[in-house]
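Here is a short note to read alongside the structure. The points start with how the copies are related and end with the sheets.

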2 protein chains.
Amino acid sequence: MQLPSSLLENAVAEFAKLPGIGKKTALRLVLHLLKQDIAVTDQFGETLQKMRREIQFCQRCHNISDGKICSICANSSRQKDTICVVENIRDVIAIENTQQYNGTYHVLGGIISPLDGIGPEQLTIDSLVDRVKDDKVTELVFALNPTIQGDTTIYYIQKKLTNIPCKITTIARGIAFGGELEYADEMTLGKSISNRQPIHQYIK
Amino acid sequence: MQLPSSLLENAVAEFAKLPGIGKKTALRLVLHLLKQDIAVTDQFGETLQKMRREIQFCQRCHNISDGKICSICANSSRQKDTICVVENIRDVIAIENTQQYNGTYHVLGGIISPLDGIGPEQLTIDSLVDRVKDDKVTELVFALNPTIQGDTTIYYIQKKLTNIPCKITTIARGIAFGGELEYADEMTLGKSISNRQPIHQYIK
């Protein structure tokens with residue numbers, strides 16, 4: 001695609017670097033910005049630059065934060081003895097949106113995946129182990145994706161925590177609400193049968 | 001969706017203002033930028049701001065340009081006596097990509113659409129009429145979308161050009177290559193039969 005201006009070309013190339021945005025979509029976005037006031041583009045650029053420069057990561061749970069400690073860790077009404085271990089920040093946001101969890105989080109920053117060159121030392125596992133020891137954590141809830149890499153990560157962390165009295169759980173796998181039994185894969189359906197639960201849990 | 005940081009929230013809001021980008025996609029893009037070096041976000045913001053400030057529109061055809069006259073108008077090998085009239089810059093890019101047209105363009109900046117509050121005075125029609133008179137244009141090719149608004153625009157411009165000896169044509173409508181006859185709408189199929197063409201045009 002030949003563009004009539006090098007300034008346009010550069011702006012389109014910047015947008016097209018973003019994941020999931022191709023050159024045609026990038027052109028549509030740039031032409032949209034071109035129709036707006038100069039102040040709109042200025043604000044757009046400045047907001048992104050400011051965000052990238054000033055954003056911090058919570059020293060305790062490695063979640064995104066405006067300060068040294070994130071709002072969840074700083075919140076005194078949240079249970080500090082329960083930690084939910086997640087892969088990335090998006091998982092924190094997803095679980096927070098359910099409003100079903102009142103403990104704290106720990107963002108690993110990825111999962112152990114030797115094929116992608118990600119080993120335990122690149123993740124925040126050491127700081128998790130320190131937290132479990134220091135904060136007298138009683139339960140560690142793993143909310144990782146059910147893949148081989150996820151299971152490996154759980155196994156590795158579990159090994160690191162032997163001799164520490166801390167309950168280790170994982171979020172329930174099963175048929176999703178609105179899901180149809182006949183289309184569920186065998187593994188999920190099998191797990192949901194073997195982990196069947198007393199009915200009063202859903203009625204209370 | 002509750003986000004853990006106001007800096008993140010602002011950046012997501014900026015992306016979500018762009019057309020076709022929702023809050024979830026915006027979050028994915030911002031988290032991607034957050035993983036990159038500071039230099040990447042800086043360049044992203046600066047490129048957009050520079051583009052918005054410095055880009056110019058060709059004084060002759062109103063296409064996007066790096067200077068006062070765009071590269072197409074400045075190109076001496078292009079036929080100045082043929083003008084292709086299009087709605088917006090994206091249409092210029094699309095026609096240029098076909099490499100089938102060697103005249104110049106005129107970007108109207110929209111089409112006459114009273115319902116959207118767009119009248120002829122908001123479009124670059126006057127400058128088009130001036131060009132036709134001054135440059136002794138012999139053919140005006142309309143490449144507008146085949147809607148009532150498009151037809152109204154052609155009719156309006158045609159009226160303005162009475163008494164000026166200039167051929168007025170429009171791009172051919174018909175069955176697209178790869179299109180299936182049975183799925184074509186009646187109007188397109190009807191037009192493509194009434195405007196049938198000698199076969200040697202495709203064989204030469």
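1. The symmetry comes first. In this predicted model, a turn of 180° with a shift of 0.0 Å along the axis lays chain B on chain A with an RMSD of 0.1 Å. This is the relation of a two-fold axis. As background, two copies of a chain are related by a rotation about an axis and a shift along it.

2. Where does the rotation axis come closest to a residue of chain B? The residue is G45(B), whose C-alpha lies 1.9 Å from the axis. As for the contact surface, the same one serves both copies, since 98% of the contact residues of chain B recur in chain A.

3. Next, the contact itself. Chain A contributes 47 residues to it and chain B contributes 48 residues. On the side of chain B that touches chain A, the elements giving two or more residues are the helices α1 (6–16), α2 (23–35), α3 (38–54), α4 (71–74) and α5 (89–98), along with the strand β2 (64–65). Which of these elements gives the largest share? That element is α3(B), with 14 residues.

4. The make-up of that side can also be stated. Of the residues of chain B that touch chain A, 24 are nonpolar, 13 are polar and 11 are charged.

5. Chain A has a domain assignment, which gives domain 1 as residues 6–54 and domain 2 as residues 70–171. How many ångströms separate the centres of domain 1 and domain 2 of chain A? Taken over C-alpha atoms, the separation is 35 Å.

6. Now the sheet of chain B. Four strands make up an open sheet here, in the order β4-β3-β5-β6, and their pairing is parallel. At the edges are β4 (103–107) and β6 (167–170) of chain B, each of which pairs on one side only. From one strand to the next, the twist averages 25°. In general, strands of a sheet pair through backbone hydrogen bonds, either parallel or antiparallel.

7. Individual pairings in chain B can be followed on the model. Strand β3 (residues 79–86) of chain B pairs with β4(B) in the parallel sense over five bridges. Among the positions to look for, C84(B) has Y105(B) of β4(B) as its bridge partner, and Q79(B) stands opposite G103(B) in β4(B). To get from β3(B) to β4(B) the chain passes through α5(B), and this β-α-β crossover is right-handed.

8. Strand β3(B) also pairs with β5 (residues 139–142) of chain B. Four bridges join β3(B) and β5(B), and the two strands run parallel. Which residue of β5(B) is the bridge partner of V85(B)? The partner is F142(B).

9. The sheet of chain A can be read in the same manner. It is an open sheet of four strands with parallel pairing, in the order β4-β3-β5-β6. The edge strands of chain A are β4 (103–107) and β6 (167–170), each pairing on one side only. The twist in this sheet averages 25° from one strand to the next.

10. A last pairing to check is in chain A. Strand β5 (residues 139–142) of chain A is joined to β6(A) by four bridges, and the two strands run parallel. Across this pair, E139(A) stands opposite K167(A) of β6(A). When tracing a strand, recall that in a regular strand the side chains alternate between the two faces of the sheet.

Note on methods: Residues numbered from 1 in each chain as written. Chains lettered and ligands numbered in written order. Predicted model: local features only at pLDDT ≥ 70, side-chain atom pairs only at ≥ 80, totals over all residues. Contact = placed C-beta atoms within 7 Å. Nonpolar A, V, L, I, M, F, W, Y, C, P; charged D, E, K, R; others polar. Least-squares fit on C-alpha atoms with pLDDT ≥ 70 in both. Domains from an automatic or database assignment. Pairing = 2+ DSSP bridges. Axes fitted to C-alpha atoms, helices over the stretch in contact; angles between N-to-C directions. Right-handed = clockwise from strand over helix to strand, strands pointing away.
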